[in-house]
Amino acid sequence: SSGLKLYFYVGETIQDANVINAAGVLTEVASLKAHSIVETYVNGTSGYRVWSDGYCEQWGYTNASSGTDVSISLLKTMKNIDYFVDITPYSTSGNTAETMYRKKTTVNVAIRGYGTFTGLSWMVTGYIA
């Protein structure tokens with residue numbers, strides 16, 4: 001025997017309505033809605049998708065060559081500079097091409113490319129103003 005015992009309590013229990021509010025929880029869950037796309041724009045190699053909560057995915061392609069600074073104008077103004085930037089260089093020689101962003105604002109991203117490439121695709125995701 002392990003010495004453990006199981007006890008049952010028989011009687012009333014007191015619940016604090018402020019702590020346990022099952023009806024309130026069910027109401028809040030029922031009010032949750034799946035986010036949906038409310039605006040879409042595509043023009044050639046650029047575009048954006050805006051979600052109902054203000055989240056935005058925007059993308060594009062720019063003809064840029066190695067060793068140059070590029071300023072990408074965003075299609076939608078971002079809420080702040082806390083957004084994600086993804087940049088992919090296109091290398092024509094098979095050499096490694098790398099990029100880095102140098103400065104973000106709510107309306108553009110400054111990029112510097114290294115290596116051999118002929119263009120950059122970009123994607124910015126975050127909340128818009």
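At 27% relative accessibility, Y55 counts as partly exposed, a value that falls between the limits of 20% for buried and 50% for exposed residues. The structure discussed here is a predicted model, and Y55 offers a convenient point of entry to it.

Y55 stands opposite Y127 in β8. The two residues belong to a pair of strands that run antiparallel, β3 (residues 55-62) and β8 (residues 119-127), which are joined by eight bridges. In general terms, the strands of a sheet pair through backbone hydrogen bonds, in either a parallel or an antiparallel manner. The sheet that contains β3 and β8 is open and has five strands, in the order β1-β2-β3-β8-β5, with antiparallel pairing. Its edges are formed by β1 (37-43) and β5 (84-90), each of which pairs on one side only. On average, and with direction ignored, neighbouring strands of this sheet are turned by 5° against each other.

The aromatic side chains may be considered next. A pair of aromatic rings is described by the distance of the centres and the angle of the planes. Two aromatic pairs are found in a search of the whole structure. In one of them, the ring centres of Y41 and Y48 are 5.3 Å apart and the planes lie at 25°, so this pair is stacked; the relevant cut-off is an angle under 30 degrees. Y41 has a relative accessible area of 32% and is therefore partly exposed, whereas Y48, with 10%, is buried. The aromatic pair of Y55 and Y127 is edge-to-face, with 5.3 Å from centre to centre and 75° between the planes. Because Y55 lies in strand β3 and Y127 in strand β8, this contact ties together parts that are 72 residues apart in sequence. Y127 is itself partly exposed, with a relative accessibility of 41%.

Charged side chains provide further contacts, and the structure holds two salt bridges. One of these is formed by the side chains of K76 and E39, at 3.4 Å from N to O. K76 is located in the loop between β4 (69-73) and β5, while E39 is in strand β1, so the pair ties together parts that are 37 residues apart in sequence. K76 counts as buried at 19% relative accessibility, under the limit of 20%; E39 is partly exposed at 31%. The salt bridge between R49 and E57 has its closest N and O atoms 2.7 Å apart. Here R49 is partly exposed, with a relative accessible area of 28%, and E57 counts as buried at 16%.

Two further sites lead the reader away from these contacts. F117 is situated in the loop between β7 (108-115) and β8. With a relative accessibility of 4%, F117 counts as buried. Its C-alpha atom is separated by 9.2 Å from that of G67, although the two residues are 50 residues apart along the chain. At the surface, V25, V29 and L32 make a nonpolar patch of about 310 Å². Of these residues, V29 is found in helix α1 (residues 22-31).

Technical notes: Residues numbered from 1 in each chain as written. Predicted model: local features only at pLDDT ≥ 70, side-chain atom pairs only at ≥ 80, totals over all residues. Heavy atoms only, no water. Patch = residues over 30% accessible without salt bridge, like charges linked within 9 Å, V, L, I, M, F, W, Y side chains within 5 Å. Areas by Shrake-Rupley, 256 points an atom, 1.4 Å probe, with all protein chains shown as cover. Salt bridge = Lys/Arg side-chain N within 4 Å of Asp/Glu carboxyl O. Helix = DSSP H or I, 4+ residues; strand = E, 2+ residues; numbered from the N terminus. Pairing = 2+ DSSP bridges. Axes fitted to C-alpha atoms, helices over the stretch in contact; angles between N-to-C directions. Phe/Tyr/Trp six-rings, centres within 6.5 Å; stacked < 30°, edge-to-face > 60°. Buried < 20%, exposed > 50% of the residue type's maximum accessible area, 1.4 Å probe, protein only.
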